[in-house]
Amino acid sequence: MSNSTISEKPALRILDIHVSEVEKYPNTLKDIMFNRSFEGMIIRGVLSPETVEQVVSRLENGAMKSLYSTRPTQNVDRKYKPIEVYGQTLLGTSSSDMKKYFDCATAFRQESSILFQGHLGLEERIGAVLHGLSGLPVRVPNGSEEGQTYTPATIRVLFEGNEIPIHAGNQLIRVPQHEHLNTLIDTTDQFSYFIPITVPEVGGELIIYSLEWNPKEKSEEKAVDPMVEQKYESVAVAPGPGDMLVFDAGRYYHRVTRVSGSRPRRTIGGFMAFSKQHDTFYYWS
Ligand SMILES: O=C(O)CCC(=O)C(=O)O
Ligand SMILES: [Fe+2]
């Protein structure tokens, strides 16, 4: 494999390719997850500039507004302001309210077809990229009841002053609302993905630390080293509008730096994992 990486730190390697090359990388998701060859990858140009421009202008003109709400960030901590989200995340759902999550997922899929009208659909686009990188059928998983599906993505909006505090995904999936999904996926590890559609003037970078979540820690402990900035190597990644970032956010602690300036940071994203048998690749939010 010919790799071009933007970062060659021993602990954190981010592969950087163009979307037209994905077929040349059919083992990459497995390589990252199980062989630990990289910590993540940027796929450039997943959404064209025209698609990005139209999606942003439709959102700004009120598309999807019925799905827009304020949600506390992960690791809820008063110090962090809630961020705004189109769609409902599984992590932001209480396990007693799964019906609302699945209703919202259906609405998100319908509204996103309006958002992307005239362009290749969001799921077609993400599905083609992930198929290229895994060689497997790619699916948004079905829920436990007839007709239910998970949501393929949510759209996260960080305004001036917003940030996402440090966390690791594999800690977050061990929660009751994940119970059904965890019967489908290999819970060894999950990735995060996101596609920025607007980037802020300053901040909003993703920082990935060479600090891994320790499965022996109970989720309530949230035992992140307070000296993390000083003690661990990190890489800052700032994909441009339309680029897709996929990274090992399950294992590696990461955060999004505080946004400043008048333009918000908007990302379309979620999570992904192999099925238990490694014969399907799933993504959701
Ligand atoms: O930037 C985003 O949309 C979320 C960042 C993050 O924490 C993740 O992708 O796991
Ligand atoms: Fe994350």
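## A helix, a core and a ligand shell

In helix α4, Leu-122, Ile-126, Leu-130, Gly-132, Leu-133 and Ser-134 are buried, meaning that 20 or more other C-beta atoms, placed from the backbone, lie within 10 Å of their own. This is a predicted model, where local features need pLDDT of at least 70, side-chain atom pairs count only at pLDDT 80 or more, and totals for chains, interfaces and linings use all residues. Residues are numbered from 1 along each chain as its sequence is written, while chains are lettered from A and ligands numbered from 1 in the order in which they are written.

Helices (H or I, at least four residues) and strands (E, at least two) are DSSP runs, numbered from the N terminus. At 1.5 Å times one less than its number of residues, the 13 residues of α4 should span 18 Å, and its end C-alpha atoms are indeed 18 Å apart. Just after α4, Gly-135 has a positive phi of about 70 degrees.

Here are some elements that help to cover the buried residues of α4:

| Element | Residues |
|---|---|
| α1 | 28-35 |
| α3 | 98-115 |
| β6 | 138-139 |
| β15 | 281-284 |

Now for the core. The largest nonpolar core (buried Ala, Val, Leu, Ile, Met, Phe, Trp, Tyr and Cys residues joined through C-beta atoms within 7 Å) has 68 residues, and Met-41 is among those with the most contacts inside it. Helix α3 gives the most to this core, with 6 residues.

What about the ligand? The residues around ligand 1 (C-beta atom within 6 Å of it) include Arg-156, Phe-194 and His-254. Strands β9, β13 and β14 each give two or more residues to this shell.

Methods: A residue is buried if 20 or more other C-beta atoms lie within 10 Å of its own, exposed if 12 or fewer, and partly exposed in between; C-beta atoms are placed from the backbone. Two residues are in contact if their C-beta atoms, placed from the backbone, lie within 7 Å.
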